[in-house]
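Here is a short report on one protein model. Keep the sequence and the 3D view open while reading.

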Amino acid sequence: MPDVIELWSLGRASLVLLQGPRMTIGRAAENDITISDPESSAVHAALEPLAGSWSVSDLSSRNGTFVNGERVLTERPLRRGDEIRIGRSRLVYRPESSTIDLAPTASPRGVPDLTRRERDVLLALFSGRIPDAVFVEPATTHEIARALQVTDAAVKQHLVKLYDKFALTLPTERTRARLANEALRRGVVSVADIRSASPGN
């Protein structure tokens with residue numbers, strides 16, 4: 001089960017398999033992970049295996065390397081879902097990625113215009129569960145319908161519209177999970193929203 005980095009740079013998404021004793025990140029073509037980001041140094045940072053996980057180090061870059069908003073000053077161990085920021089680029093650490101669907105969705109296009117009910121359906125996908133990284137167990141159509149006191153058919157109609165608004169084509173059994181993760185990525189819903197919508201609140 002390989003570890004990967006989900007790279008979001010200048011409106012494009014890609015997945016990079018983590019392998020080898022060291023992987024460098026930067027603007028120069030000789031890097032293992034090349035990012036065409038004007039705020040990145042030629043050789044900006046490095047990823048290295050560390051005790052069954054990976055770590056990131058800044059390589060005296062011009063603009064710094066950040067993990068979850070904190071500047072990296074020494075070698076920084078990574079945990080599932082940690083977000084590395086290099087310039088305008090985001091690199092999300094995804095360990096043991098083969099257990100989930102990591103096909104990147106279309107590049108972020110801002111916050112889509114949602115109806116109140118579509119937003120309710122999005123929040124119901126989480127069933128009050130707070131994701132620590134990638135969300136992989138969304139509520140079923142029937143569970144959403146029961147939570148919102150509507151029919152299964154109504155929920156399916158809302159989901160079809162949401163897939164379209166988030167550019168998730170060719171729906172599969174995992175599309176609901178991709179929808180939930182995309183909503184989090186774009187800031188359409190937040191952890192605070194999920195907590196507020198939890199049945200216990």
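## Ser 14 and its distant neighbor

Ser 14 counts as partly exposed because its relative accessible area is 30%, a value between the 20% limit for buried and the 50% limit for exposed. The residue is found in strand E2, which covers residues 12–17. Leu 91 is 77 residues away from Ser 14 in sequence. In space, the two C-alpha atoms are 9.7 Å apart.

## Overall picture

This is a predicted model. The protein has 201 residues, and 44% of them count as buried. Its secondary structure consists of 5 helices and 11 strands.

Take the contacts in the protein with a separation of 6 or more. Residues 24 or more positions apart account for 51% of these contacts. The accessible surface comes to about 10,600 Å². Carbon and sulfur atoms hold 49% of that surface.

## The five-stranded sheet

One open sheet has 5 strands, in the order E4-E3-E5-E6-E9. Its pairing is mixed. Strands E4 (33–34) and E9 (76–77) form the edges, and each pairs on one side only. Strands of a sheet pair through backbone hydrogen bonds, either parallel or antiparallel.

Strand E3 shows both senses. E3, residues 23–26, pairs with E4 in the parallel sense over 2 bridges. Here Gly 26 has Thr 34 of E4 as its bridge partner. With strand E5 (residues 45–50), E3 pairs in the antiparallel sense over 3 bridges. Ile 25 stands opposite Ala 45 of E5.

Which way do the residues of E3 point? Met 23 and Ile 25 point one way, while Thr 24 and Gly 26 point the other way. All four are buried. In a regular strand the side chains alternate between the two faces of the sheet.

## Two nonpolar cores

The largest nonpolar core has 23 residues. Leu 122, Ile 144, Leu 162, Phe 166 and Leu 179 touch the most other members. Four helices each give two or more residues to this core: H1 (116–126), H2 (141–148), H3 (152–165) and H4 (175–185). H1 supplies the largest share, 6 residues.

A second core is separate and has 19 residues. Among them are Leu 7, Leu 18, Ala 45 and Ile 86. Ala 45 thus appears twice in this report: in the second core and opposite Ile 25 of E3.

Back in the largest core, look at Leu 122. What does Leu 122 touch, not counting residues up to four places away in sequence? Its contacts are Leu 114, Leu 162, Phe 166, Leu 179, Ala 183, Val 188 and Val 189. Leu 162, Phe 166 and Leu 179 are also named with Leu 122 among the residues that touch the most other core members.

## Two positive phi angles

Ser 60 has a phi near 55°, a positive value in a residue other than glycine. Ser 60 sits in the loop between strand E6 (53–58) and strand E7 (66–67). Is Ser 60 buried or exposed? It is exposed, because its relative accessible area is 73%, over the 50% cut-off.

Asn 68 is not a glycine either, and its phi is positive at about 50°. This residue lies in the loop between E7 and strand E8 (70–71). Asn 68 has a relative accessible area of 42%, so it counts as partly exposed.

Terms used
Residues numbered from 1 in each chain as written. Predicted model: local features only at pLDDT ≥ 70, side-chain atom pairs only at ≥ 80, totals over all residues. Heavy atoms only, no water. Core = buried A, V, L, I, M, F, W, Y, C linked by side-chain atoms within 4.5 Å. Buried < 20%, exposed > 50% of the residue type's maximum accessible area, 1.4 Å probe, protein only. Contact = heavy atoms within 4.5 Å. Pairing = 2+ DSSP bridges. Areas by Shrake-Rupley, 256 points an atom, 1.4 Å probe, with all protein chains shown as cover.
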